[in-house]
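Biologist: I should be grateful for a close look at a single helix of this model. Please describe how its residues are placed and what surrounds them.

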Amino acid sequence: MNKLLYLIFSLFLLRGFVQIFNGGSWTLGWFSVLMSIAGLIFLKKKYNQKYISGLLIFLLLSFMMSH
């Protein structure tokens, strides 16, 4: 399960950088980058799953707002 979450957070990190450099919304791009980095740190430090899932919900909301 952790490998899947690492993959999801990494893809959102990449997506945030692509959105910033392609002229998309800077606010949503930086929000996506920051939440992805926080998610990767929380996974690395083995925080409680409710914090990790909360970050994932914010990332999915930012994804829906940008499309």
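**Helix α3 and its surroundings**

Modeller: The buried residues of α3 are Ile52, Leu55, Leu56, Leu59 and Ser62. They lie on the same side of α3, because the arc they cover around the axis is only 120°. This description rests on a predicted model.

The helix itself runs over residues 49–66, which amounts to 18 residues. From its first C-alpha to its last, α3 reaches 26 Å, close to the 26 Å expected at 1.5 Å a residue. On the other side of α3, the exposed residues are Lys50, Ile57, Met64 and Met65.

As for the surroundings, the buried residues of α3 are covered by elements that include α1 (2–21) and α2 (26–44). One residue of α2 deserves a closer description, namely Ser36. Not counting residues up to four places away in sequence, Ser36 touches Leu59, as well as Phe9, Phe12 and Leu13. Leu59 is itself one of the buried residues of α3.

Ser36 is buried, because its relative accessible area is 0%, and the cut-off for a buried residue is under 20%. Its side chain nevertheless has polar partners in the backbone. The side chain of Ser36 reaches the backbone nitrogen of Leu13 at 3.2 Å. In addition, a polar atom of the Ser36 side chain lies 2.6 Å from the backbone oxygen of Ser32. Leu13 thus appears both as a residue that Ser36 touches and as the owner of a backbone nitrogen that the Ser36 side chain reaches.

Terms used:
Residues numbered from 1 in each chain as written. Predicted model: local features only at pLDDT ≥ 70, side-chain atom pairs only at ≥ 80, totals over all residues. Heavy atoms only, no water. Helix = DSSP H or I, 4+ residues; strand = E, 2+ residues; numbered from the N terminus. Expected span 1.5 Å × (residues − 1). Buried < 20%, exposed > 50% of the residue type's maximum accessible area, 1.4 Å probe, protein only. Arc of directions from axis to C-beta. Contact = heavy atoms within 4.5 Å. Polar contact = N/O pair within 3.5 Å; in protein donor to acceptor, adjacent residues only side chain to side chain.
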